[in-house]
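Visitor: I should like to go through this model term by term and hear the reasoning behind each label. Where shall we begin?

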Amino acid sequence: MELASPRGNLKSCVRPCQAPGISSSQALRIAKEYDAESGTRTIGVISKIDQAAGEPKILAAVQALLLNQGPQSTSDIPWVALIGQSVSIASAQSGNAGSENSLETAWQAESETLKSIYTGAPQNKLGRVALVDNLAQQIVIV
């Protein structure tokens with residue numbers, strides 16, 4: 001709790017997409033408690049999207065979060081979707097074996113995978129580049 005309370009700190013509420021009850025999660029409750037100013041210091045991260053690619057119910061729930069149409073307790077928090085890091089790195093390595101910039105390639109592979117899973121989601125909500133962009137926006141606000 002010591003790290004959550006200082007005003008200048010950002011909070012990441014990270015949940016695997018298969019975890020039930022995002023709106024009742026302890027991480028979200030703590031973020032809300034210490035960021036009562038309508039989510040100005042909190043970013044929601046839904047991880048492991050690739051593991052739910054065949055689960056329409058889970059994908060629909062994540063899509064609702066990304067479009068700010070999820071449970072009321074989550075609507076004031078910007079949400080970003082990520083896939084498993086090992087998947088994006090493996091995709092990058094198999095596609096560009098000699099690439100000098102493997103991290104950038106991995107992030108691009110992740111973004112492309114997410115775009116194929118969530119065709120209707122805003123691009124600024126998909127992948128690690130989107131996460132970094134959202135963090136930068138929150139830092140400007142704080």
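Guide: Let us begin with a definition: two residues are in contact if heavy atoms of theirs lie within 4.5 Å. Please bear in mind throughout that the model is predicted.

Visitor: Which elements do the buried residues of α2 pack against in that sense?

Guide: They pack against β2, β3 and α4, the last spanning residues 102-117. The buried residues in question are Leu59, Val62, Gln63, Ala64, Leu65 and Leu66.

Visitor: How is the whole protein chain arranged around these elements?

Guide: From the N terminus on, the order is β-α-β-α-β-α-α-α, which comprises five helices and three strands. Of the contacts with a separation of 6 or more, 72% join residues 24 or more positions apart. The chain has 142 residues, and 37% of them count as buried.

Visitor: What makes strand β2 largely enclosed by the rest of the structure?

Guide: Buried means a relative accessible area under 20%. Six of the six residues of β2, residues 42-47, are buried, and therefore the strand is largely enclosed. Thr42, Gly44 and Ile46 point one way, Ile43, Val45 and Ser47 point the other way, and all are buried.

Visitor: Take Ile43 in particular; why is this residue called buried?

Guide: Ile43 belongs to strand β2. Its relative accessibility is 1%, and the limit for a buried residue is under 20%, so Ile43 counts as buried. The C-alpha atoms of Ile43 and Leu28 are 9.9 Å apart, with the two positions 15 residues apart in sequence numbering.

Visitor: How do you know that β2 and β3 are paired, and in which direction do they run relative to each other?

Guide: Pairing requires at least two bridges between the strands. Three bridges join β2 to β3, residues 79-81, so the pair meets the criterion. The two strands run parallel, and Gly44 stands opposite Trp79 of β3.

Visitor: Which handedness has the β-α-β unit made by β2, α2 and β3?

Guide: The unit is right-handed, with helix α2 covering residues 56-66. The label applies if, with the strands pointing away from the viewer, the path from the first strand over the helix to the second runs clockwise.

Visitor: What is unusual about phi at Lys48?

Guide: Most residues other than glycine have a negative phi. Phi of Lys48, however, is near 60°, a positive value. Lys48 lies in the loop between β2 and α2, and its C-alpha is 6.2 Å from that of Leu82, although the two are 34 residues apart in sequence.

Visitor: Is Lys48 buried, partly exposed or exposed?

Guide: The relative accessible area of Lys48 is 36%. Partly exposed covers the range between 20% and 50%, and Lys48 is therefore partly exposed.

Visitor: Where else does a positive phi occur in a residue that is not a glycine?

Guide: Asn68 takes a positive phi of about 55°, just after α2, in the loop between α2 and β3. With a relative accessible area of 39%, Asn68 is also partly exposed.

Visitor: Thr74 lies in the loop between α2 and β3; why is it nevertheless called buried?

Guide: The relative accessible area of Thr74 is 1%, so the residue is buried, the limit being under 20%. Its side chain reaches the backbone oxygen of Pro71 at 2.7 Å, and a polar contact requires a distance within 3.5 Å.

Visitor: What makes Glu110 and Arg128 a salt bridge?

Guide: The N to O distance between their side chains is 2.2 Å. The cut-off is 4 Å, so the pair qualifies. The pair links distant parts of the chain, with Glu110 in helix α4 and Arg128 in helix α5, residues 128-141. Glu110 is buried at a relative accessible area of 0%, and Arg128 counts as buried at 15%.

Visitor: How many salt bridges does a search of the whole structure find?

Guide: The search finds two. Glu112 and Lys115 also meet in a salt bridge, at 3.4 Å from N to O, again within the 4 Å limit. These residues are three apart in helix α4, which means that about one helical turn separates them. Glu112 counts as partly exposed at 40% relative accessibility, as does Lys115 at 31%.

Key:
Residues numbered from 1 in each chain as written. Predicted model: local features only at pLDDT ≥ 70, side-chain atom pairs only at ≥ 80, totals over all residues. Heavy atoms only, no water. Buried < 20%, exposed > 50% of the residue type's maximum accessible area, 1.4 Å probe, protein only. Helix = DSSP H or I, 4+ residues; strand = E, 2+ residues; numbered from the N terminus. Polar contact = N/O pair within 3.5 Å; in protein donor to acceptor, adjacent residues only side chain to side chain.
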